[in-house]
Amino acid sequence: MAYDEFLADRIRRQLKDKHIFFSELKMMGGLCFKVDDKMLCGIHIDKKYGDSLLMARIGEMVYQAELKKPECLPMDFTGRPMKGYIFVTPDGFDNEQDLSYWLDLCLKFNPLAKSSKKKK
């Protein structure tokens with residue numbers, strides 16, 4: 001397993017508590033949560049960092065400000081950071097209130113996000 005199942009359960013519980021309809025997709029060795037067929041957030045165990053990371057799709061408007069936080073890292077699967085996406089280290093989602101903060105940022109951006117093209 002390439003992601004933290006306990007963190008996955010925490011995300012599922014919070015999304016259900018917020019009455020959000022979501023789906024899950026295993027990808028890139030991790031787990032992606034989708035809302036309205038758009039990537040909301042994801043989790044995986046990062047080999048470079050050595051621990052679970054929360055991938056948060058927060059959008060470019062808040063990206064720079066959030067990236068200044070010590071618990072945030074640029075999301076760089078390919079070696080080039082993806083703007084609007086960040087990794088949050090476990091210190092940033094240790095308690096339920098912190099996890100809720102990141103999920104709320106993702107949910108706020110989700111209606112503005114473009115959905116990926118469907119494969120035929």
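Tyr-49 counts as partly exposed in this predicted model, because its relative accessibility comes to 40%, between the 20% that bounds buried residues and the 50% that bounds exposed ones. The residue sits in the loop that links β3 and β4. Leaving aside residues up to four places away in sequence, Tyr-49 touches Leu-73, Thr-89 and Pro-90. As for Gly-79, which lies 30 residues from Tyr-49 along the chain, the two C-alpha atoms are 14 Å apart.

Now for the sheet that those strands belong to. Six strands make up an open sheet, and their order reads β1-β2-β3-β4-β6-β5, with antiparallel pairing. The two edges are taken by β1 (23-27) and β5 (72-74); each has a single partner strand, so one side of each is left without a neighbour in the sheet. Going from one strand to the next, the twist averages 25°. At the β1 edge, the pairing with β2 (residues 30-35) runs in the antiparallel sense over five bridges. One residue pair can be picked out here: Ser-23 has Lys-34, in β2, as its bridge partner.

Two helices pack on this sheet. Helix α1, residues 5-17, touches β1, β2, β3 (38-46) and β4 (51-57). The direction of α1 makes about 10° with that of β2. Helix α2, residues 60-67, packs on the sheet too, touching β5 and β6 (85-88). Here the angle is about 120°, taken between the directions of α2 and β5.

That leaves the cysteines. A disulfide is a covalent bond between the sulfur atoms of two cysteines. The structure holds zero of them. Take Cys-72: the closest cysteine sulfur belongs to Cys-106 and is 11 Å away, which is too far for a bond, so no disulfide forms there. Cys-106, for its part, is in no disulfide either, and the nearest cysteine sulfur to its own is that of Cys-41, at 5.3 Å; the cut-off for a disulfide is 2.5 Å between the sulfur atoms. Both Cys-72 and Cys-106 are tucked away from the surface in terms of accessibility: Cys-72 counts as buried because its relative accessibility is 6%, and Cys-106 is buried with a relative accessible area of 2%.

Definitions and conventions. Residues numbered from 1 in each chain as written. Predicted model: local features only at pLDDT ≥ 70, side-chain atom pairs only at ≥ 80, totals over all residues. Heavy atoms only, no water. Pairing = 2+ DSSP bridges. Helix = DSSP H or I, 4+ residues; strand = E, 2+ residues; numbered from the N terminus. Axes fitted to C-alpha atoms, helices over the stretch in contact; angles between N-to-C directions. Contact = heavy atoms within 4.5 Å. Buried < 20%, exposed > 50% of the residue type's maximum accessible area, 1.4 Å probe, protein only.
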